[in-house]
Amino acid sequence: MAKKPKSKSKVQPRYADLHIHSGSRHYNFFSDGIQRIPKDPNVIWGKVKNAPFSRFVQRTKMQSDFPKLAAGGMGIACISLYPFEKGFVMGKGGKSVFQPLLRLMPGYTKERVTFMQGKSYDYFLELLKEYSLHTAGDGHWHSNPSYSISEIKSIKVEGRYRIANGSEDVLDAEQETKCISVVLTIEGMHALGVGHKTNEKINVTQIQADVKEEELIQRIDFLKGKYRLSELPGFSEADEQKYLPHTDGKWNHLPFFITFAHHFSNALCGHARSLISISERALDQNLSLNQGFNSTGMRAVKHLLSIGEDGLDTGENRILVDIKHMCPHSRKEFYDLVQTYNKQEANTRKIPLIISHAGYANVETMSELIEYEDTYQKLKADLDSTSNPLVRRKLKAKLQTFVHEKDVRYGFNWWGINLSNEDLKVIHETDGLIGMCFDRRILGFHQGKHQAEHYAKKGEEVPGDLTYEAPLKINGNKSSIALYIRQIEGMCNYVFEHLDDPRSFWNRISIGSDFDGMILPTKFDSALHYELFEEQLIRGLKELCARKPNWFYDTTVKEVARKICYDNIRDFTLRYFNNISTGEQEKAVEGELLAEA
């Protein structure tokens with residue numbers, strides 16, 4: 001008797017990440033001083049050799065290369081293209097710095113870092129080339145029977161990725177076995193050719209000149225598919241073959257969103273302080289730090305979002321704006337723009353807020369974050385202004401006391417880069433999305449230790465009202481997942497107490513790891529650990545449910561974990577990643593969402 005053929009079932013990818021840099025280190029590793037572009041489509045599936053001491057320093061390991069994504073069950077990968085900012089190789093005083101430290105990172109060779117320090121280093125060309133590297137491998141099948149994931153373990157890896165040009169492509173990839181849907185994003189508006197001067201001391205003869213406002217707008221339109229590369233000022237048909245050989249001289253994949261600000265000035269809006277410890281002492285973030293938008297920046301953000309001069313939707317392709325790295329001043333101005341737009345009845349395409357790799361500060365308002373950062377900068381300026389060792393010791397103690405009193409108090413980082421309750425309100429009301437960053441500094445990794453040390457030095461016990469109720473243990477054991485549960489519970493404490501339709505907030509939280517973005521991760525330190533993360537997340541949510549059962553009134557702990565690990569990014573992408581040029585795509589996606597509802 002003939003065997004009954006197996007029925008074809010829908011393949012459901014398991015994990016989604018809102019912010020990773022899966023190809024960035026491959027790009028830097030395979031780029032030399034003159035910037036050749038590898039033509040081999042399998043290059044991006046290859047292995048970049050781990051840096052020295054990677055066994056001991058987590059941030060130097062490859063975390064989200066494509067073999068790890070495939071082995072870890074990745075379904076939707078929002079991969080961020082990022083031209084490395086010159087501020088990381090040009091320190092205070094405009095001097096070349098950090099070459100020895102950068103070379104500890106996989107992918108950053110001596111020649112590559114030297115090139116970054118030179119005048120030929122152009123952000124926009126870097127963006128084109130990194131995009132080209134990703135398009136070279138688009139759709140190609142890869143198989144490696146023995147991919148080494150550690151010094152002692154190898155695994156079989158096979159699969160492919162497909163770069164999406166809208167939500168319909170995400171749906172198509174979802175039906176295919178062992179296929180990763182790549183949704184391209186961009187980290188930093190500097191990528192379009194602005195912000196080459198990252199601090200005041202840099203000599204303009206050492207850097208590329210920024211493009212003018214009109215050319216910046218043209219480059220945004222280029223990303224939206226309106227122009228070929230040769231139609232932009234300064235580019236020829238020969239440049240199309242040189243920089244975009246795999247896409248016929250065009251940018252063929254609409255970016256889902258752009259993280260507007262980043263670590264250094266983009267000459268468009270203010271960024272938040274993001275560097276601490278050695279990095280903060282060696283590098284200079286002060287230019288544009290904690291400022292608002294200028295007129296060019298506001299025009300650029302409106303053009304990305306397709307908002308016309310009359311405040312109405314122009315009907316063109318939209319590139320969403322990610323608020324991560326915007327300082328509170330800039331976020332306030334951006335929120336005003338989005339809320340004003342969304343209130344217009346004529347604007348039927350609403351704009352959601354997105355923060356791709358976030359932490360929660362556990363403060364009420366953005367004004368409190370601004371006050372904290374202003375005080376921090378003043379205390380730091382006082383410390384930097386003197387070389388007297390006795391005075392420095394006193395000022396350093398004063399600064400440490402200030403930081404500990406704020407950060408230690410609740411176990412969250414009060415940095416301006418993190419979210420206040422005021423931020424949460426706007427994100428929730430705009431149907432937005434929060435990606436939880438896997439950087440332990442953003443999560444508040446050290447606060448429990450600092451809290452105990454802080455009061456022990458004073459010979460006091462930790463006051464009961466200063467201890468945040470979310471435990472740093474799960475089932476009585478120390479666990480990295482407790483840091484995420486503390487973040488989730490902190491946000492939900494506000495949302496369920498103060499906002500309408502609070503249970504829909506479970507649709508607002510997702511993974512935004514920032515793998516391969518030079519983070520200091522928790523024990524979930526690579527894409528191989530998504531499954532472990534979900535298992536631990538379920539355990540942590542069970543304990544949270546026991547304390548806060550009303551938060552889980554009409555949903556289960558496993559359903560919430562699934563939302564965080566995959567469903568929320570998938571649904572958000574289907575709802576808002578709409579490429580006008582693909583015709584009936586929006587109707588098809590609406591039908592898919594309705595069918596699943």
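**Notebook: pairs, cores and a cavity**

I began with Asp221, which forms a salt bridge with Lys226; their closest N and O atoms are 4.0 Å apart. A reminder to myself: this is a predicted model. Next I looked up how open each partner is. Asp221 is buried, at 6% relative accessible area, whereas Lys226 counts as partly exposed at 43%.

*Entry: a pair across a loop and a helix*

I moved on to Arg228 and Glu240, whose side chains meet in a salt bridge with 2.7 Å from N to O. This pair links distant parts of the chain: Arg228 sits in the loop between helix 7 (213-223) and helix 8 (237-243), while Glu240 belongs to helix 8, twelve residues apart. What is the relative accessible area of Arg228? I found 25%, so Arg228 is partly exposed. Glu240 is buried, with 7%.

*Entry: a pair inside one helix*

My next stop was Asp384, which forms a salt bridge with Lys380 at 3.3 Å between the closest N and O atoms. Both residues lie in helix 12 (residues 366-384), four residues apart, or about one turn of the helix. Is Lys380 buried or exposed? Lys380 is buried, with a relative accessible area of 14%. Its partner Asp384 is partly exposed, at 47%. I also noted a network: salt bridges that share partners join Arg160, Arg162 and Glu176.

How many salt bridges are there in the whole structure? My search found 27. It helped me to recall that side chains of opposite charge can pair when their charged atoms come close.

*Entry: cysteines*

I then asked how many disulfides the structure holds. The count is zero. I looked up two cysteines anyway. Cys179 is buried, with a relative accessible area of 5%, and Cys545 counts as partly exposed at 23%.

*Entry: nonpolar cores*

I turned to the nonpolar residues. The largest nonpolar core has 131 residues. Which residues have the most contacts inside this core? They are Leu128, Met189, Phe260, Phe334, Phe533 and Leu537. Apart from this core lies another, of 18 residues, with Ala361, Leu369, Val403 and Ile442 among them. As background, nonpolar side chains in soluble globular proteins tend to be buried together.

*Entry: a loop residue*

I picked Ala346, whose place is in the loop between helix 11 (328-343) and strand 8 (354-358). Ala346 is exposed, with a relative accessible area of 56%. I also checked its C-alpha distance to Leu312: the two are 7.2 Å apart in space and 34 residues apart in sequence.

*Entry: the cavity*

My last search was for enclosed space. Rolling a probe the size of a water molecule over the atoms shows where empty space is left. The structure holds one cavity of 30 Å³ or more, and the volume of the largest cavity is about 110 Å³. Which residues line the largest cavity? I listed Lys92, Arg273, Leu275, Ser279, Glu280, Leu283, Asp284, Gln285, Asn286, Leu289, Gln377 and Lys380. Helix 9 (277-282) and helix 12 are the elements that give two or more residues to this lining. Sorted by class, the lining has three nonpolar, four polar and five charged residues. I was pleased to meet Lys380 again in this lining, after finding it paired with Asp384 in a salt bridge.

Technical notes
Residues are numbered from 1 along each chain as its sequence is written. This is a predicted model: local features need pLDDT of at least 70, side-chain atom pairs count only at pLDDT 80 or more; totals for chains, interfaces and linings use all residues. Side-chain values use heavy atoms; hydrogens and water are left out. Buried means under 20% relative accessible area, exposed over 50%, partly exposed in between (1.4 Å probe, protein chains only). A disulfide is a pair of cysteine sulfur atoms within 2.5 Å. A nonpolar core is a set of buried Ala, Val, Leu, Ile, Met, Phe, Trp, Tyr and Cys residues joined through side-chain atoms within 4.5 Å. On a 1 Å grid over the protein atoms alone, a cavity is a set of points where a 1.4 Å probe fits but cannot get out, and a pocket is an open set with protein on both sides within 12 Å along at least five of seven lines; lining residues have an atom within 4 Å of a point. Grid points are joined across faces, edges and corners, and a volume is the space filled by probe spheres set on the points. Ala, Val, Leu, Ile, Met, Phe, Trp, Tyr, Cys and Pro count as nonpolar, Asp, Glu, Lys and Arg as charged, and the others, Gly among them, as polar.
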